[in-house]
Amino acid sequence: GDGLAIGGNHFIHAVRRNIDLNMILLNNRIYGLTKGQYSPTSERGFVSKSSPYGTVEDPFHPAELAFGARGRFFARCIAVDGAASVEVLKAAANHKGASVVEVLHCVIFNDGTHASVATKEGRAKNAIYLEHGKPMLFGENKEFGLMQEGFGLKVVKLGENGITEKDILIHDAHCQDNTLQLKLALMEGPDFPIALGVIREVEAPTYNDAVAEQIEEVNFQELLMTNDTWEVK
(Lines give C-alpha, C1' and ligand atoms only; values in the text may rest on other atoms or scores of the structure.)
Protein backbone atom coordinates (compact mmCIF):
# COMPACT_ATOMS: atom_id res chain seq x y z
CA GLY A 1 0.00 0.00 0.00
CA ASP A 2 2.59 2.58 1.03
CA GLY A 3 4.90 1.64 -1.82
CA LEU A 4 2.39 1.51 -4.66
CA ALA A 5 -0.44 3.77 -3.48
CA ILE A 6 0.30 6.91 -1.47
CA GLY A 7 4.03 6.31 -1.99
CA GLY A 8 3.76 5.35 -5.66
CA ASN A 9 5.24 8.60 -6.94
CA HIS A 10 8.22 8.29 -4.62
CA PHE A 11 8.63 4.64 -5.65
CA ILE A 12 8.79 5.17 -9.41
CA HIS A 13 11.06 8.21 -9.25
CA ALA A 14 13.46 6.60 -6.77
CA VAL A 15 13.72 3.70 -9.23
CA ARG A 16 13.96 5.97 -12.30
CA ARG A 17 16.71 8.10 -10.77
CA ASN A 18 18.55 5.02 -9.54
CA ILE A 19 18.90 6.43 -6.05
CA ASP A 20 21.01 4.17 -3.85
CA LEU A 21 18.12 2.69 -1.85
CA ASN A 22 16.99 -0.79 -0.91
CA MET A 23 13.20 -1.05 -1.26
CA ILE A 24 11.48 -4.08 0.24
CA LEU A 25 7.90 -4.36 -0.96
CA LEU A 26 5.69 -6.68 1.10
CA ASN A 27 3.00 -7.85 -1.29
CA ASN A 28 0.10 -9.54 0.48
CA ARG A 29 -2.45 -8.19 -2.01
CA ILE A 30 -4.35 -6.33 0.70
CA TYR A 31 -3.96 -3.59 3.30
CA GLY A 32 -3.05 -5.76 6.26
CA LEU A 33 -2.00 -3.08 8.72
CA THR A 34 -5.36 -1.29 8.51
CA LYS A 35 -7.31 -4.53 8.75
CA GLY A 36 -8.37 -5.62 5.34
CA GLN A 37 -9.10 -3.00 2.68
CA TYR A 38 -8.25 -3.87 -0.91
CA SER A 39 -4.91 -2.56 -2.14
CA PRO A 40 -3.17 -1.68 -5.44
CA THR A 41 -2.16 -5.34 -5.84
CA SER A 42 -5.57 -6.89 -5.10
CA GLU A 43 -6.97 -8.90 -7.99
CA ARG A 44 -10.00 -7.67 -9.92
CA GLY A 45 -13.14 -8.93 -8.20
CA PHE A 46 -11.42 -9.25 -4.81
CA VAL A 47 -13.93 -9.02 -1.94
CA SER A 48 -12.77 -7.05 1.09
CA LYS A 49 -14.10 -4.68 3.75
CA SER A 50 -13.76 -1.78 1.34
CA SER A 51 -14.96 -3.74 -1.73
CA PRO A 52 -17.82 -5.93 -0.45
CA TYR A 53 -19.01 -6.62 -4.00
CA GLY A 54 -15.55 -7.10 -5.45
CA THR A 55 -13.00 -4.62 -6.77
CA VAL A 56 -13.52 -3.16 -10.23
CA GLU A 57 -9.83 -2.40 -10.79
CA ASP A 58 -6.91 -4.27 -12.31
CA PRO A 59 -3.90 -4.54 -9.98
CA PHE A 60 -0.39 -3.25 -10.31
CA HIS A 61 2.26 -5.86 -10.97
CA PRO A 62 5.21 -4.57 -8.93
CA ALA A 63 7.72 -5.98 -11.42
CA GLU A 64 6.01 -4.30 -14.36
CA LEU A 65 6.01 -0.97 -12.53
CA ALA A 66 9.67 -1.27 -11.52
CA PHE A 67 10.75 -2.27 -15.03
CA GLY A 68 8.66 0.52 -16.54
CA ALA A 69 10.52 2.99 -14.34
CA ARG A 70 13.81 1.70 -15.83
CA GLY A 71 14.66 -0.34 -12.74
CA ARG A 72 18.09 -1.94 -12.66
CA PHE A 73 17.50 -4.42 -9.85
CA PHE A 74 14.41 -6.50 -9.24
CA ALA A 75 14.16 -9.67 -7.18
CA ARG A 76 11.44 -11.72 -5.54
CA CYS A 77 11.28 -14.00 -2.53
CA ILE A 78 8.74 -15.51 -0.15
CA ALA A 79 8.62 -14.47 3.49
CA VAL A 80 8.48 -18.05 4.81
CA ASP A 81 11.41 -19.17 2.63
CA GLY A 82 14.17 -18.05 4.95
CA ALA A 83 17.39 -19.17 3.26
CA ALA A 84 16.40 -17.96 -0.22
CA SER A 85 15.14 -14.66 1.20
CA VAL A 86 18.49 -14.04 2.90
CA GLU A 87 20.35 -14.53 -0.38
CA VAL A 88 18.02 -12.16 -2.24
CA LEU A 89 18.25 -9.47 0.44
CA LYS A 90 22.05 -9.76 0.50
CA ALA A 91 22.18 -9.29 -3.27
CA ALA A 92 19.90 -6.25 -3.00
CA ALA A 93 22.03 -4.74 -0.23
CA ASN A 94 25.21 -5.24 -2.27
CA HIS A 95 23.71 -3.69 -5.40
CA LYS A 96 24.74 -0.08 -5.98
CA GLY A 97 21.61 1.85 -6.93
CA ALA A 98 17.89 1.36 -6.46
CA SER A 99 17.01 -2.24 -5.63
CA VAL A 100 13.44 -3.53 -5.41
CA VAL A 101 12.64 -6.80 -3.67
CA GLU A 102 9.06 -8.05 -3.84
CA VAL A 103 8.34 -10.24 -0.83
CA LEU A 104 5.32 -12.49 -1.23
CA HIS A 105 3.83 -12.26 2.22
CA CYS A 106 0.87 -14.14 3.67
CA VAL A 107 -0.94 -12.47 6.57
CA ILE A 108 -4.13 -13.08 8.46
CA PHE A 109 -6.33 -10.64 6.51
CA ASN A 110 -5.55 -12.37 3.19
CA ASP A 111 -4.43 -15.80 4.32
CA GLY A 112 -3.62 -18.13 1.45
CA THR A 113 -3.14 -15.51 -1.24
CA HIS A 114 0.25 -17.06 -2.08
CA ALA A 115 -0.73 -20.57 -1.04
CA SER A 116 0.73 -22.22 -4.16
CA VAL A 117 4.27 -21.34 -3.05
CA ALA A 118 3.80 -21.04 0.72
CA THR A 119 5.24 -24.51 1.40
CA LYS A 120 8.50 -26.13 0.36
CA GLU A 121 6.56 -28.73 -1.63
CA GLY A 122 4.51 -26.04 -3.32
CA ARG A 123 7.61 -24.10 -4.33
CA ALA A 124 9.16 -27.23 -5.82
CA LYS A 125 6.16 -27.58 -8.12
CA ASN A 126 5.08 -23.99 -8.71
CA ALA A 127 8.21 -21.82 -8.48
CA ILE A 128 11.51 -21.48 -10.28
CA TYR A 129 14.63 -20.23 -8.51
CA LEU A 130 16.58 -18.13 -10.99
CA GLU A 131 20.37 -17.95 -10.77
CA HIS A 132 22.49 -15.88 -13.11
CA GLY A 133 24.38 -18.02 -15.60
CA LYS A 134 22.47 -21.21 -14.83
CA PRO A 135 19.77 -23.03 -16.83
CA MET A 136 16.18 -22.24 -15.90
CA LEU A 137 15.13 -25.58 -14.44
CA PHE A 138 12.43 -26.32 -11.90
CA GLY A 139 10.28 -29.13 -10.54
CA GLU A 140 10.74 -31.56 -7.69
CA ASN A 141 13.54 -33.29 -9.63
CA LYS A 142 14.46 -30.40 -11.95
CA GLU A 143 12.56 -32.20 -14.67
CA PHE A 144 11.03 -29.07 -16.20
CA GLY A 145 12.61 -26.08 -17.85
CA LEU A 146 11.93 -22.91 -19.80
CA MET A 147 12.52 -22.47 -23.51
CA GLN A 148 11.84 -19.59 -25.85
CA GLU A 149 8.90 -19.91 -28.22
CA GLY A 150 8.62 -17.04 -30.67
CA PHE A 151 8.54 -13.89 -28.56
CA GLY A 152 7.34 -15.79 -25.49
CA LEU A 153 8.29 -18.61 -23.17
CA LYS A 154 7.14 -22.19 -22.85
CA VAL A 155 7.50 -24.89 -20.22
CA VAL A 156 9.07 -28.13 -21.41
CA LYS A 157 9.90 -31.46 -19.81
CA LEU A 158 13.39 -32.86 -20.11
CA GLY A 159 13.47 -36.08 -22.08
CA GLU A 160 10.32 -35.37 -24.05
CA ASN A 161 10.71 -34.76 -27.80
CA GLY A 162 14.48 -35.08 -27.43
CA ILE A 163 14.76 -32.05 -25.15
CA THR A 164 17.90 -31.95 -23.01
CA GLU A 165 19.34 -29.44 -20.56
CA LYS A 166 21.28 -27.87 -23.45
CA ASP A 167 17.97 -26.65 -24.89
CA ILE A 168 16.99 -24.78 -21.71
CA LEU A 169 17.40 -21.01 -21.49
CA ILE A 170 20.26 -19.68 -19.37
CA HIS A 171 19.29 -16.91 -16.96
CA ASP A 172 21.05 -13.61 -17.66
CA ALA A 173 20.23 -11.16 -14.87
CA HIS A 174 22.86 -8.72 -16.15
CA CYS A 175 21.47 -8.26 -19.65
CA GLN A 176 20.77 -4.59 -20.40
CA ASP A 177 17.77 -5.56 -22.57
CA ASN A 178 15.08 -6.34 -20.00
CA THR A 179 12.63 -8.03 -22.40
CA LEU A 180 13.21 -11.60 -21.22
CA GLN A 181 13.68 -10.56 -17.60
CA LEU A 182 10.26 -8.89 -17.58
CA LYS A 183 8.64 -11.96 -19.10
CA LEU A 184 10.16 -14.03 -16.31
CA ALA A 185 9.01 -11.58 -13.65
CA LEU A 186 5.42 -11.65 -14.94
CA MET A 187 5.08 -15.45 -15.13
CA GLU A 188 2.32 -16.95 -13.00
CA GLY A 189 0.32 -20.18 -12.80
CA PRO A 190 -1.21 -22.48 -13.67
CA ASP A 191 0.84 -22.75 -16.87
CA PHE A 192 4.05 -21.16 -15.61
CA PRO A 193 6.04 -21.19 -12.36
CA ILE A 194 6.49 -18.05 -10.27
CA ALA A 195 10.01 -16.65 -10.67
CA LEU A 196 12.01 -16.26 -7.46
CA GLY A 197 15.51 -14.94 -6.88
CA VAL A 198 17.34 -12.09 -8.59
CA ILE A 199 15.57 -11.48 -11.89
CA ARG A 200 17.40 -8.32 -12.99
CA GLU A 201 20.71 -6.88 -11.76
CA VAL A 202 22.33 -4.29 -14.02
CA GLU A 203 25.02 -1.75 -13.20
CA ALA A 204 24.31 1.91 -13.93
CA PRO A 205 25.33 5.32 -12.59
CA THR A 206 23.52 6.24 -9.39
CA TYR A 207 21.85 9.55 -8.71
CA ASN A 208 23.90 9.93 -5.54
CA ASP A 209 27.25 9.59 -7.32
CA ALA A 210 26.21 11.74 -10.27
CA VAL A 211 25.24 14.66 -8.02
CA ALA A 212 28.43 14.34 -5.97
CA GLU A 213 30.54 14.33 -9.15
CA GLN A 214 28.72 17.37 -10.50
CA ILE A 215 29.38 19.31 -7.30
CA GLU A 216 33.07 18.43 -7.57
CA GLU A 217 33.22 19.58 -11.19
CA VAL A 218 31.44 22.91 -10.77
CA ASN A 219 33.49 25.89 -9.62
CA PHE A 220 30.89 27.70 -7.56
CA GLN A 221 32.94 30.88 -7.25
CA GLU A 222 33.17 31.05 -11.03
CA LEU A 223 29.47 30.28 -11.31
CA LEU A 224 28.61 33.12 -8.97
CA MET A 225 30.64 35.59 -11.03
CA THR A 226 29.00 34.74 -14.37
CA ASN A 227 26.06 37.06 -13.69
CA ASP A 228 25.80 40.67 -12.55
CA THR A 229 27.05 41.16 -9.01
CA TRP A 230 26.59 43.91 -6.46
CA GLU A 231 27.85 44.71 -3.01
CA VAL A 232 25.62 45.55 -0.05
CA LYS A 233 27.23 47.95 2.45
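**Note on the predicted model**

1. E57 is partly exposed, since its relative accessible area of 38% lies between the limits of 20% for buried and 50% for exposed. This value, like the others in this note, comes from a predicted model, and it concerns a residue placed in the loop between strand β1 (22-27) and helix α2.

2. The surroundings of E57 can be described through its contacts: apart from residues up to four places away in sequence, E57 touches Y38, E43 and R44. With Y38 the link is also a polar one, as the side chains of E57 and Y38 are joined by a polar contact of 2.9 Å. D167, by comparison, is 110 residues from E57 in sequence, and the C-alpha atoms of the two residues are 39 Å apart in space.

3. Is T206, in the loop between β8 (194-201) and α6 (207-217), buried or exposed? T206 counts as buried, because its relative accessibility is 4% and the cut-off for that class is under 20%. The side chain of T206 reaches the backbone nitrogen of D209 at 3.1 Å, and, when neighbours within four places in sequence are left aside, T206 is in contact with R17, N18, K96 and G97.

4. Turning to the interior, the largest nonpolar core has 31 residues, and those with the most contacts inside it are F11, F74, I128, M136, L184 and I199. Helix α2, which covers residues 62-68, gives the most to this core, contributing four residues. A second core, separate from this one, has nine residues, including F73, A75, C77 and A92. In soluble globular proteins, nonpolar side chains tend to be buried together.

5. I199 deserves its own entry: setting aside its neighbours within four places in sequence, I199 is in contact with F67, F74, A75, R76, L130, H171, A173, Q181, L184 and A185. Among these partners, F74 and L184 are also listed with I199 as residues having the most contacts inside the largest core.

6. As for the whole protein chain, seven helices and eight strands are assigned, and 39% of its 233 residues are buried. The radius of gyration is 22 Å, whereas a compact globule of 233 residues would have one near 17 Å, and the C-alpha atoms fill a box of roughly 85 × 50 × 35 Å along the principal axes. Of the contacts with a separation of 6 or more, 60% are between residues 24 or more positions apart. The accessible surface comes to about 14,100 Å², with 53% of it belonging to carbon and sulfur atoms.

Conventions
Residues are numbered from 1 along each chain as its sequence is written. This is a predicted model: local features need pLDDT of at least 70, side-chain atom pairs count only at pLDDT 80 or more; totals for chains, interfaces and linings use all residues. Side-chain values use heavy atoms; hydrogens and water are left out. A nonpolar core is a set of buried Ala, Val, Leu, Ile, Met, Phe, Trp, Tyr and Cys residues joined through side-chain atoms within 4.5 Å. Buried means under 20% relative accessible area, exposed over 50%, partly exposed in between (1.4 Å probe, protein chains only). Helices (H or I, at least four residues) and strands (E, at least two) are DSSP runs, numbered from the N terminus. Contact means heavy atoms within 4.5 Å. A polar contact is a pair of N or O atoms within 3.5 Å; within protein, one must be able to donate a hydrogen and the other to accept it, and residues adjacent in sequence count only if both atoms are side-chain atoms. The radius of gyration is taken over C-alpha atoms; the globule rule is 2.2 Å times the number of residues to the power 0.38. Accessible areas come from the Shrake-Rupley method with a 1.4 Å probe; for residues, only the protein chains shown count as cover.
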